[in-house]
Amino acid sequence: SGEAHAVSSVTVNGRPEQEGAEQSLGLYLNSLPLAVSLKPGSWSELLTRMNSVYREGMAHRRHPLSIIQQSLDKDFGEVSFNYTHFHAFDTVSQSIEDQGIDVLGISGFEQTSYGLVVFASRVNQDQMELIFGYDESLYSAAFIEHLGEMYVRVYQSLLADLAASHQSRSLLPEY
């Protein structure tokens, strides 16, 4: 995009780190706005910067997004990123197969205040799933398809050479 920084809200979750928290019920989710510098460098350096920003942000993961937005007089409700890896599901899934149970389908519904939510999920050891949840009044299906192509190009570049510059080629799809 040519921007010097990228900003996105990132979904963070987890029960409080205190005695008895495993017994509590609730949805422990929050959105944490994070910004990373896109200064020139390798993919590896960019990932290191992103990881550092994420780790530093974890100290604020329980601070409500609404309070952050009010304090900064900014709205971070445009784009959100949500990564999940339900590693425990691998064991449950194997147990279900061992019992001869066939899963016929899975469905879900989620409604957010974000115009665009990128859901990245680790399906198994070798596979990732990428789903875009978006407001059709803000984004066209064609735009979302192009966005998906861009993500594929990013992942291909990462897998090809982490030492290469993250700015070495355009990641935008051809229109």
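Student: In this predicted model, which residues is Tyr-151 in contact with, leaving aside its neighbours within four places in sequence?

Tutor: Happy to start there. Tyr-151 lies in helix H4, residues 141–160. Once neighbours within four places in sequence are set aside, its contacts are Phe-81, Val-118, Leu-130 and Phe-132.

Student: Does Tyr-151 count as buried or exposed?

Tutor: The cut-off settles this one: buried means under 20% relative accessible area. Tyr-151 has a relative accessibility of 19%, so the residue counts as buried.

Student: Which strands of the sheet does H4 touch?

Tutor: Let's place the sheet before the helix. The sheet is open, with 5 strands in the order S2-S1-S3-S4-S5 and mixed pairing. H4 packs on this sheet, with a direction about 155 degrees from that of S5. The strands H4 touches are S3 (79–84), S4 and S5.

Student: Why is one side of S2 and of S5 left without a neighbour in the sheet?

Tutor: Look at the strand order, S2-S1-S3-S4-S5. S2 and S5 (127–134) stand at the edges, so one side of each is left without a neighbour because each has a single partner strand.

Student: In what sense do S4 and S5 pair, and over how many bridges?

Tutor: One place to look is Ala-120, which stands opposite Leu-130 in S5. The pairing of S4 and S5 is antiparallel, and the number of bridges is 8.

Student: How many residues make up the largest nonpolar core?

Tutor: Its members include Val-10, Leu-32, Ile-68 and Val-117. Strands S1, S2 and S4 and helix H2 each give two or more residues to this core. Apart from it lies another core of 7 residues, Tyr-151 among them. For the largest core, the count is 11.

Terms used. Residues are numbered from 1 along each chain as its sequence is written. This is a predicted model: local features need pLDDT of at least 70, side-chain atom pairs count only at pLDDT 80 or more; totals for chains, interfaces and linings use all residues. Side-chain values use heavy atoms; hydrogens and water are left out. Helices (H or I, at least four residues) and strands (E, at least two) are DSSP runs, numbered from the N terminus. Buried means under 20% relative accessible area, exposed over 50%, partly exposed in between (1.4 Å probe, protein chains only). Contact means heavy atoms within 4.5 Å. A nonpolar core is a set of buried Ala, Val, Leu, Ile, Met, Phe, Trp, Tyr and Cys residues joined through side-chain atoms within 4.5 Å. Two strands pair if DSSP finds at least two bridges between them. Axes are lines fitted to C-alpha atoms, for helices over the stretch in contact, and angles run from 0 to 180 degrees between N-to-C directions.
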